[in-house]
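Got the viewer open? Let's take a short walk around the ligand, one selection at a time.

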Amino acid sequence: MRAVMLIAGARPNFMKVAPILRELKRRGLDGVLVHTGQHYDTAMSDVFFRELDIPTPDHHLGVGSGSHAVQTARIMEAFEPVLMAEAPEWVVVVGDVNSTLATALVTSKLREDLRCRIAHVEAGLRSHDWRMPEEVNRVLTDRLSDLLLTPSPDACANLAAEGIPGERIRFVGNVMIDSLLHGLPAARERTVLSAIGVERKKYAVATLHRPANVDAKESLTGALRSLGAVAREVPVVLPLHPRTAVAVAAHRLESLLDPLLVVESLGYLDMLALLDGALGVLTDSGGIQEETTALGVPCVTLREETERPITITQGTNWLAPWPPTPPGVLAAYRMATASGNSGSKPRPEGWDGKASERIVDAIVS
Ligand code: UD1
């Protein structure tokens, strides 16, 4: 078998490629890692490579930040010669970021020449909200892929409803949970709680970075005031995403951060430790909805909808009323945390730490 190329570009990709690379290595298969450089700094990239034990990328495209068009185009331009030189048997793309779509698109045009196929890990998730850049990336990447590897049965149903033939779809489970279960013992050794000054199960964690919540002044104000309302009941730790930090400064909303315990973006293990120790979580991240479900920690999602409905039906996730308002979010937070110790719920099927084995099985079969 020729090489399997894996693409990673942005923070939420790193915990998905790490277990797949490890599994390829375990089976003696040749894995080639391409980092597009969509996320590039220590806090958003380097710390994840270190803590998730991801080898140095074979190719680093160094594309950096830019508008969607600029970023996507730069990735495509830089990726094409790398793909041609490596001519792998498979290109494995994960998630829904610009790097996912850009590299899938380049590969699809060279599929015949290079006899190369595309596998999409985390296929089939749908928010049905085309205003989200991630929804565009997801749908188009799925259309371009030969093999659609899904994390949950609802994702298989979405793909079937779009007319994608069943032989291209494979339910493999959630590969992020492979990283979570692998990292949890080390995370529980971290001292991040005492460094921030909070005690286990006596604080909440919040994250905010979606354009719909942070880009416009009005939405950012509503979201931060909502977190402030929760902070009157329980300390709220907010690791600040760079996008949100820029927006807070641009709109001069610094005073709305005053009620919150603001810290810089955290590395993988510190964030896992913080989520694991939290009484409740408030987030607009997709990955954190999944991680809290796996950890059994109540989660309130500050979004209009979720492409991960299994975290609501079988997990610990609640959608807050949209758009976020202080009374709405506070009520949702109280409801979610009053629902008892969710930790006793079984994890969704395939969220068992073995998704990377099933992914590699699907690729080699
Ligand atoms: C991207 C993904 C989003 C994912 C998120 C996780 C797309 C369309 N969006 O959004 O799905 O949930 O990553 O973080 O691909 N920046 C830094 N350092 C970095 C990278 C970015 O400071 O290493 C700053 C820059 O100011 C940049 C801003 O963050 O302009 C936004 O980064 P960008 O990659 O455009 O998108 P995200 O909002 O992070």
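Start by selecting the shell of residues around the ligand: by class, six are nonpolar, nine are polar and four are charged. Keep in mind as you go that this is a predicted model.

Now narrow things down. Of the 19 residues in that shell, pick out Gln38, Tyr40, Glu134, His209 and His241, which come nearest to the ligand.

Two of these are worth a closer look at their side chains. Show glutamate 134 as sticks: one of its polar side-chain atoms is 2.6 Å from an oxygen atom of the ligand. Then do likewise with histidine 209, where an N or O atom of the side chain lies 2.8 Å from a ligand oxygen. Next, click on aspartate 41, whose side chain has an N or O atom 2.9 Å from a nitrogen atom of the ligand.

How much of the ligand does the protein bury? Taken alone, the ligand exposes 740 Å², and the protein buries 85% of that. Switch on a surface to see where this happens: the ligand takes up the space of the largest pocket.

Time to bring back the cartoon. Colour α3 (68–86), α5 (133–144) and α11 (242–250), the elements that each give two or more residues to the shell. Which of them gives the most? That's α5, with three residues.

For the last stop, zoom out and colour by domain. Domain 1 covers 4–173 + 350–364 and domain 2 covers 184–338, and the shell around the ligand draws at least three residues from each.

Notes:
Residues numbered from 1 in each chain as written. Predicted model: local features only at pLDDT ≥ 70, side-chain atom pairs only at ≥ 80, totals over all residues. Heavy atoms only, no water. Near = heavy atom within 4 Å. Polar contact = N/O pair within 3.5 Å; in protein donor to acceptor, adjacent residues only side chain to side chain. Areas by Shrake-Rupley, 256 points an atom, 1.4 Å probe, with all protein chains shown as cover. 1 Å grid on protein atoms, 1.4 Å probe; cavity = no way out; pocket = protein on both sides within 12 Å on 5 of 7 lines; lining within 4 Å. Sits in = over half its atoms within 2 Å of the grid points. Helix = DSSP H or I, 4+ residues; strand = E, 2+ residues; numbered from the N terminus. Nonpolar A, V, L, I, M, F, W, Y, C, P; charged D, E, K, R; others polar. Domains from an automatic or database assignment.
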